[in-house]
Amino acid sequence: MNEPQPNVFLPDLCTTRAVLVVVVVIELMAIVITLVAGYFEPFSLERLGLTSLFVQWVGLTSAALVCRLRDRLNGLPAARAALAVVGLVVLDTLVFSLVARGLLAWAAGAVAEPLWHWDILANVLIAAIISGLMMRYFYVQEQLHQKDRAELRARIQALQSRIRPHFLFNSMNIIATLVRVDADAAEQAVEDLSRLFRASLKESGERVSLAEELALCERYVRIEQLRLGERLRVDWRVELDPETVRLPLLTLQPLVENAIYHGIQPRAEGGVVTLGASVEQGRVVLRVHNPKPERAGDHQGNRMALDNIRHRLAVLHGPAVQVEARESEQHYEVRISYPVDG
């Protein structure tokens with residue numbers, strides 16, 4: 001039984017980028033407040049400076065409080081978490097309003113002037129309205145993000161279900177042939193096939209190490225070499241530590257399968273499938289390269305495999321993922337690139 005996932009709609013305000021966004025948005029808010037005040041009195045740079053100082057202090061300290069309490073707040077139901085954040089911002093605004101009022105009174109020499117003023121109530125109301133709107137925005141954004149993830153998972157499952165029959169029929173034909181010719185080889189093929197199918201039945205978004213993915217590719221290649229013999233050769237060019245790189249399960253195996261099926265099988269002389277893995281400029285780069293037959297066409301299997309991989313990697317790395325198919329007169333190559341995990 002799956003445990004309920006905790007609410008995580010509050011963003012991480014501790015990052016440098018988040019702090020920069022907070023500073024810019026708050027400063028724009030201070031400018032708007034000063035311009036609106038210009039309807040009632042002349043524009044003043046002094047007013048803009050004081051407003052900016054006050055709003056920046058309130059905004060940054062509120063963001064720091066939310067950042068500090070984010071894990072606890074995300075453990076609450078969405079409505080309670082949003083109300084808690086609004087309460088924190090309102091309380092923070094009230095404290096700074098009272099402090100600012102006291103400092104201004106002291107600077108003006110009016111020590112006996114009461115701290116409470118209608119400006120403080122206005123500040124508190126503005127803080128409550130703006131923080132409430134921000135909570136609503138964050139919640140809607142998270143709901144849209146969850147919807148996108150669910151659609152991607154459904155699409156990936158549909159793509160996988162269309163790829164499996166093709167692989168199954170080829171493998172079963174190989175085993176049926178080997179049973180009467182070489183029982184030991186047939187037993188090894190069955191073991192390899194069972195490992196491959198065990199992997200294919202796992203959750204599509206599960207991440208594994210590159211070493212595990214390469215082991216699955218080797219099992220598939222062993223099965224195909226029993227059928228193609230010396231016509232199939234594989235050049236493994238792994239220029240990184242495969243234990244440290246992680247990727248979705250069955251990312252490379254479908255590409256190796258298509259490279260053999262569309263690039264090696266149609267050629268009487270066979271050819272070499274090159275599988276490369278390296279790190280270039282902070283990105284993991286994976287390549288599957290195969291010769292191109294003279295009468296090569298646009299195969300639906302290639303497009304399905306690429307769509308499958310692109311969507312699964314997009315779930316993990318977003319728009320930074322690149323999946324490209326490069327074609328020349330004699331060769332076909334698929335290049336996958338995504339950021340190294342931090």
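A residue is called buried when its relative accessible area is under 20%. Keep that cut-off in mind as you walk through this predicted model.

**Stop 1: helix H8.** Select residues 253-264, which make up H8. The helix is mostly covered, with 11 of its 12 residues buried. Colour the buried ones: Gln253, Pro254, Leu255, Val256, Glu257, Asn258, Ala259, Ile260, His262, Gly263 and Ile264. Now try your distance tool on the end C-alpha atoms, which are 15 Å apart. That agrees with expectation, because 12 residues at 1.5 Å a residue should span 16 Å.

**Stop 2: the main core.** Two residues you have just coloured, Leu255 and Ile260, are listed among those with the most contacts inside the largest nonpolar core, together with Leu210, Leu252, Leu286, Ile336 and Tyr338. This core has 46 residues. At least two residues each come from H5 (118-179), H6, H7 (210-228), H8, S4, S5, H9 (300-317) and S7 (331-339). Which helix gives the largest share of this core? Helix H7 does, with eight residues. As background, nonpolar side chains in soluble globular proteins tend to be buried together.

Next, centre on Leu210. Setting aside neighbours within four places in sequence, Leu210 is in contact with Leu240, Pro242, Val245, Leu247, Leu252, Ala277 and Leu286. Another core, of 15 residues, lies apart from the main one; to find this second core, select Leu10, Ala63, Ala81 and Ala82, which are among its members.

**Stop 3: strand S4 and its partners.** Select residues 271-280 to show S4, a mostly covered strand in which seven of 10 residues are buried. To one partner, S2 (residues 232-238), S4 pairs in the parallel sense over seven bridges. One place to look is Leu232, whose bridge partner in S4 is Gly271.

Then add S5 (residues 283-291), which runs antiparallel to S4 and is joined to S4 by seven bridges. Here Gly276 stands opposite Arg287 of S5. Follow the chain round the hairpin that S4 and S5 form, with two residues between the strands. Pause at Gln281 in the turn, where phi is positive, at about 55°.

**Stop 4: Asp192.** Finish in helix H6 (residues 183-200), where Asp192 is found. Is Asp192 buried or exposed? Its relative accessible area is 1%, so Asp192 counts as buried. Show the side chains of Asp192 and Arg219: a polar contact of 2.6 Å joins them. Beyond residues up to four places away in sequence, Asp192 touches Arg219, Arg222 and Ile223.

Terms used
Residues are numbered from 1 along each chain as its sequence is written. This is a predicted model: local features need pLDDT of at least 70, side-chain atom pairs count only at pLDDT 80 or more; totals for chains, interfaces and linings use all residues. Side-chain values use heavy atoms; hydrogens and water are left out. Helices (H or I, at least four residues) and strands (E, at least two) are DSSP runs, numbered from the N terminus. Buried means under 20% relative accessible area, exposed over 50%, partly exposed in between (1.4 Å probe, protein chains only). A polar contact is a pair of N or O atoms within 3.5 Å; within protein, one must be able to donate a hydrogen and the other to accept it, and residues adjacent in sequence count only if both atoms are side-chain atoms. Contact means heavy atoms within 4.5 Å. Two strands pair if DSSP finds at least two bridges between them. The expected span of a helix is 1.5 Å times one less than its number of residues. A nonpolar core is a set of buried Ala, Val, Leu, Ile, Met, Phe, Trp, Tyr and Cys residues joined through side-chain atoms within 4.5 Å.
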